[in-house]
Amino acid sequence: MKKIEFILSKKKEIFYIFILFLFSISINQHYGNLGLCPIDSFWFFNSGYDALNGYYPFKDYWVIAGPFITFVQAILFKIFGVSWFTYVLHASLFNFLISIVTFYTLCKLKLNINFSFFYSLLVASIAYTSAGTPFVDHHASILSIISLLFFILAIKTNSVIYWFILPITLVIAFLTKQTPSGYIGLIIIFFTIIYFLLNFDLRKIFYAFLGSLTIILFFLLILFLTSI
């Protein structure tokens, strides 16, 4: 009986994830095609296209935010082709990312799966739809919120994977835009130090260090490959 309930529960979870994917992608694709602001809406279309053709931030032109969105957009242009659909899809994928992480976190915190799904739908409705196209503030805020959620899961569970992922999301958020990611990063680091002082765990510290080392080495590799 328990096995049947487990299977049904997993099927329901997969169904909810599928609906979240369709809803979060389609709603942002809709709003991303309603209109545009000439400066903000085309910002990363141009830089993504430049990176696709070998012109990189800081090396070939100056940018006032981090290079993360530019490189992601270049990769998406490479995969799906240079088009407005691909450009809006970038924002839509991040709209799905914040909704699925919200759903996952709420389920991990033992909230009823139906409520978790409903709240995640609400998140998908407002997370990226106000911009529609890739925008530094939305990317940085989403990645910072995801970092906060992973920090909560790292404390509430015994899984070390969250300690590994946490520094990666924090650095990527910082490489998107320094505010608010820098402030949230400092807050998380402060409470992480307090947590480890009160709950010393060498295994968790090792995975946090490993995650930090991984993202730093990856960042240096990108700088090397692009000659920045």
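**Exercise 1. Is Ser227 buried or exposed, and what is its relative accessibility?**

Solution. The structure is a predicted model, in which local features need pLDDT of at least 70 and side-chain atom pairs count only at pLDDT 80 or more, while totals for chains, interfaces and linings use all residues. Residues are numbered from 1 along each chain as its sequence is written, and side-chain values use heavy atoms, with hydrogens and water left out.

Step 1. Locate the residue: Ser227 is in the segment after α10 (202-226). Helices here are DSSP runs (H or I, at least four residues), numbered from the N terminus.

Step 2. Apply the cut-offs: buried means under 20% relative accessible area, exposed over 50%, and partly exposed in between (1.4 Å probe, protein chains only). Ser227 has a relative accessibility of 51% and therefore counts as exposed.

Step 3. Examine the backbone: Ser227 is not a glycine, yet its phi is positive, at about 60°.

**Exercise 2. Determine the location, backbone phi and exposure of Lys110.**

Solution. Step 1. Lys110 lies in the loop between α5 and α6 (113-126).

Step 2. Although Lys110 is not a glycine, its phi is positive, at about 70°.

Step 3. The relative accessibility of Lys110 is 74%, so this residue counts as exposed.

**Exercise 3. Find the salt bridges of the structure and describe the residues that form them.**

Solution. Step 1. The criterion is a side-chain nitrogen of Lys or Arg within 4 Å of a carboxyl oxygen of Asp or Glu. A search of the whole structure gives two salt bridges.

Step 2. One of them pairs Lys10 with Glu13, whose closest N and O atoms are 3.7 Å apart. Both residues belong to helix α1 (residues 2-32) and are three residues apart, about one turn of the helix. Lys10 is partly exposed at 37% relative accessibility, and Glu13 is partly exposed at 25%.

Step 3. Lys177 forms a salt bridge with Asp137, with 2.6 Å between the closest N and O atoms. Lys177 lies in the loop between α8 (161-174) and α9, whereas Asp137 lies in helix α7 (residues 136-156), so the pair ties together parts that are 40 residues apart in sequence. Lys177 counts as partly exposed at 21% relative accessibility, and Asp137 is partly exposed at 28%.

**Exercise 4. How do the axes of α4 and α5 cross, and how do those of α8 and α9?**

Solution. Step 1. Two packed helices are described by the angle between their axes and the distance between the axes. Axes are lines fitted to C-alpha atoms, for helices over the stretch in contact, and angles between N-to-C directions run from 0 to 180 degrees.

Step 2. For helix α4 (residues 68-80) and helix α5 (residues 84-108), the axes come within 9 Å and cross at roughly 120°. This makes α4 oblique to α5. Angles under 35 degrees count as roughly parallel, over 145 as roughly antiparallel, 65 to 115 as roughly perpendicular, and the rest as oblique.

Step 3. The axes of α8 and α9 come within 8 Å and cross at roughly 155°. These two helices are therefore roughly antiparallel to each other.

Step 4. A crossing is left-handed if the near helix is turned anticlockwise from the far one by less than a right angle, and right-handed if clockwise. The crossing of α4 and α5 is right-handed, while that of α8 and α9 is left-handed.

**Exercise 5. Describe the environment of Pro134 and Gly132.**

Solution. Step 1. Pro134 lies in the loop between α6 and α7, as does Gly132.

Step 2. Pro134 counts as buried at 0% relative accessibility, and Gly132 counts as buried at 0%.

Step 3. Pro134 and Thr70 are 64 residues apart along the chain, and their C-alpha atoms are separated by 9.5 Å. Gly132 and Ser92 are 40 residues apart in sequence, with a C-alpha to C-alpha separation of 7.6 Å.

**Exercise 6. Characterise helix α9 through Pro180 and Leu186.**

Solution. Step 1. Pro180 is found in helix α9. The peptide bond joining Thr179 and Pro180 is cis, with omega about 5°.

Step 2. Leu186 also lies in helix α9 (residues 178-198). Leu186 is exposed, at 58% relative accessible area.
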